[in-house]
Structures are given as C-alpha cells and as structure tokens.
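Hello,

Here is the structure I promised to pass on to you. Have a look at it first, and my notes follow below.

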Amino acid sequence: MQKTGQPTINDVARIAGVSKKTVSRVINRSPLLNDDTRKRVEEVIGNLGYIPNPQARALALRRNFLIGLVHDNPNAQTVLNVQQGMLEALQGSEFEMVVRPLNRGSATMLDDLRHFLERQRLFGVLLMPPVSENDSVAALCDSIGCRYVRMGSAVIDDADHMVASNDREAVRAATEYLIRQGHRRIGLVAGPHGFRSAHERRLGFEDALAAAGIALPRSMIADGNYTFESGLVAAERLLDVMPRPTAIFSSNDEMAAGIIHAARQRGLDIPRDLSIVGFDDTPIAAHVWPPLTTVRWPIASMARSAALKLIAGEDGGDVIEEPSLFLSTLIRRGSVAAPFDDGV
C-alpha cells in the first residue's frame with residue numbers, strides 16, 4: 001500500500017538526490033552549500049510541502065532548538081545590538097533565541113546558570129562580557145555538554161569558542177588621533193572594574209600616552225560604569241581639574257553623552273573647548289550634538305558570527321569557519337578639534 005501522510009526529510013533527500021545532512025543544511029541556511037544544490041533542495045521542499053518538525057528532532061537530540069544569550073551588562077543598547085546580530089544569524093533556521101540576565105556578583109551565579117541551561121535544554125549559548133570572562137562559566141557549559149561561544153574584548157579562548165575585538169589597539173589609535181590634533185591634557189573616563197573591556201581600553205589609552213611621552217596623572221582618570229549618569233559624575237570630576245583637560249576619552253558612548261551634557265552645563269563648547277571621543281558607535285553617537293567621534297565596535301557582527309558558530313554542524317556536519325577576531329575602527333565626526341587655548 002502506498003505510504004500516505006506528511007512528507008519527511010528522507011523523502012526530500014531521496015527526491016533531491018542528496019543526503020539528509022544536506023537537506024538539514026539547506027533548512028538551516030548553512031553557507032556550506034553551492035547555489036545549485038540549495039535551489040534543487042528548496043524546490044523539492046516546496047513541491048512536497050515539507051515542513052520541518054523541530055520538536056521531533058529536539059526530542060531525538062535531547063536538546064531544544066534554542067540558542068541562549070546570557071549577560072550581566074548595564075548597557076541596554078549593547079545587549080540589543082547583540083540580540084540583533086544573533087537574530088540575523090538565526091533568521092530562516094529552526095533556531096530561536098532566549099535571553100537570560102545573570103548577576104555575576106551572586107554567590108549562586110553558577111548554580112543559577114546550570115539550572116537555566118539544563119531546564120531549557122539549550123542547543124548552545126552565547127556568553128556576553130563580563131560573564132564570558134569567567135572561565136568557570138565556560139567550564140560549566142562544557143561539563144553539561146552545552147555548546148558555548150564567549151564574546152570578549154581580547155582573545156580569551158580558542159577560535160571555536162570565541163569572538164573577540166581588538167579594543168586595546170583600537171583605543172590606542174583613537175587616543176593617537178587626539179594627540180595628533182595637538183592635545184596633551186587628555187582625561188580618561190574608565191569603564192567598570194571587573195570588565196575586561198574596561199581594562200583593555202584603559203591599556204590602549206595608556207599605551208598611546210606613553211608612546212607620546214605624555215604623563216597621566218591620577219587626577220586625569222575618573223571611573224564610570226558604562227551609564228550616562230556615571231559619565232556625568234566622571235565629567236564633573238575631570239572638569240574640576242585645573243588646568244582642565246582639553247580632551248576626554250570615554251570608554252563608551254553612553255558615558256560620552258554624559259560628558260557632553262556636563263560640559264554644556266558649564267558653558268563649554270564642543271569641540272572648541274573640549275574634544276570628546278567615545279567607544280561603541282551606538283545610535284546615541286550620531287544623535288548627540290555635535291555628533292560623537294567614536295570607535296565603532298562591530299558587536300552585531302561578532303554576535304552574528306557567534307550564533308553561526310553555535311548552530312554550525314548541528315546535523316553532524318562540518319563546523320562553519322566563522323571569523324573569531326573583529327577589528328574596531330575610528331569614526332570621525334564633529335566632537336574633536338585641535339585645542340583652542342592650551343592655557344586654560
């Protein structure tokens with residue numbers, strides 16, 4: 001008797017003359033296929049009306065088709081940018097994204113994460129900084145068989161488990177740009193303690209000043225926590241220094257916006273009286289006035305690559321070769337100029 005019912009992946013593979021693995025790659029938008037094969041399989045899928053059954057496959061794999069995003073990050077825009085990159089990678093695939101904030105300072109952080117991973121039966125997880133910088137978190141994922149990729153501002157793992165940016169080198173280049181404009185009194189609004197990104201960015205800032213023979217007194221450094229409000233407080237401290245800085249590097253754009261606000265409250269013109277450089281190139285950088293010169297952090301591209309690493313080879317095939325290192329670039333806008341009066 002002729003078989004009836006819904007077509008299966010085996011039917012698609014047989015008619016298209018390919019393996020089940022190839023059909024799975026087509027369904028998951030894998031780049032490991034040539035266009036002819038992809039089109040042939042898609043045509044068979046359309047003709048048969050085949051609809052993948054992720055629930056059945058998840059049951060067989062003992063994993064859900066869920067990719068987790070785990071973070072403890074005070075900057076909402078950064079988290080949104082990561083989500084955007086991940087969703088771009090997952091679009092058209094069987095995978096969905098779930099988001100889980102964590103408190104990295106909690107004594108139960110590792111237990112909370114284990115419970116989340118095991119309860120959701122995640123296929124894989126992207127770990128955002130600073131959670132990603134904790135080796136115990138990576139070891140936990142490994143111990144329970146959950147794929148993971150760590151996002152960072154420096155190389156912190158092997159290529160299969162990491163996407164990183166070159167924060168130290170990028171900030172050094174941005175600070176050198178200020179120095180070439182003639183600035184010698186350059187303040188730093190540093191990021192929060194315990195963040196590798198804050199550490200790397202401060203090192204890049206210090207590298208540039210040291211190479212130019214510029215001293216960095218403690219009075220020219222103010223701490224922030226990547227929020228607008230902390231930028232306001234840090235700017236008040238730096239702008240009270242006499243003589244005040246002619247330029248400030250801010251470790252992210254949110255704090256840079258706070259610096260601009262504080263400077264304007266004092267009647268300072270930007271960039272005539274004070275030049276400012278940020279980091280991230282989030283939308284706020286183009287929305288403030290003058291538009292902010294900043295380091296463009298390719299975080300959405302990093303997240304997209306991380307998600308593709310996580311879903312690569314889910315059918316047992318080869319791992320997709322996605323990049324692990326992403327270069328940040330300086331975006332020059334209107335917030336930087338040569339110092340107007342070096343005798344302030």
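What covers the buried residues of H11? The cover includes strand S6 (186–190), helix H10 (228–239), strand S8 (247–250), strand S9 (275–280), helix H12 (283–287) and strand S10 (293–296). Here buried means under 20% relative accessible area, exposed means over 50%, and partly exposed lies in between (1.4 Å probe, protein chains only). Helices (H or I, at least four residues) and strands (E, at least two) are DSSP runs, numbered from the N terminus.

A word on where this comes from: it is a predicted model, in which local features need pLDDT of at least 70 and side-chain atom pairs count only at pLDDT 80 or more, while totals for chains, interfaces and linings use all residues. Residues are numbered from 1 along each chain as its sequence is written, and side-chain values use heavy atoms, with hydrogens and water left out.

Back to H11. The residues of H11 that are buried are Asp253, Met255, Ala256, Ala257, Gly258, Ile259, Ile260, Ala262 and Ala263. The helix has 13 residues (253–265), which should span 18 Å at 1.5 Å a residue, and its end C-alpha atoms are indeed 18 Å apart; the expected span is 1.5 Å times one less than the number of residues. At the N-terminal end, asparagine 252 acts as a cap, with a side-chain oxygen 3.0 Å from the backbone nitrogen of methionine 255. Just after the helix, glycine 267 has a positive phi of about 80°.

Helix H2 (residues 20–27) is also worth a look: six of its eight residues are buried, so the rest of the structure largely encloses it. Those six are Thr22, Val23, Ser24, Arg25, Val26 and Ile27.

Now for the charged pairs. There are 16 salt bridges in the structure, each being a side-chain nitrogen of Lys or Arg within 4 Å of a carboxyl oxygen of Asp or Glu. Arginine 266 pairs with glutamate 236 at 2.7 Å, N to O. This links distant parts of the chain, 30 residues apart: arginine 266 is in the loop between H11 and S9, and glutamate 236 is in helix H10. Arginine 266 is partly exposed at 33% relative accessibility, and glutamate 236 is partly exposed at 29%. Arginine 266 also forms a salt bridge with aspartate 240, where the closest N and O atoms are 2.8 Å apart. Aspartate 240 sits in the loop between H10 and S8, 26 residues from arginine 266, and is exposed at 52%. Elsewhere, Asp135, Arg150 and Asp157 are joined into one network by salt bridges that share partners.

Finally, the interior. The largest nonpolar core has 46 residues, and Ile67, Val82, Met86, Leu126 and Met151 touch the most other members. Such a core is a set of buried Ala, Val, Leu, Ile, Met, Phe, Trp, Tyr and Cys residues joined through side-chain atoms within 4.5 Å. Helix H13 (residues 299–311) gives the largest share of this core, eight residues. Beyond its neighbours within four places in sequence, leucine 126 has contacts (heavy atoms within 4.5 Å) that include Val82, Met86, Met151 and Leu310. Another core, of 24 residues, lies apart from the largest one, with Ala222, Tyr226, Ile248 and Ile270 among its members.

Best wishes

Conventions: Polar contact = N/O pair within 3.5 Å; in protein donor to acceptor, adjacent residues only side chain to side chain.
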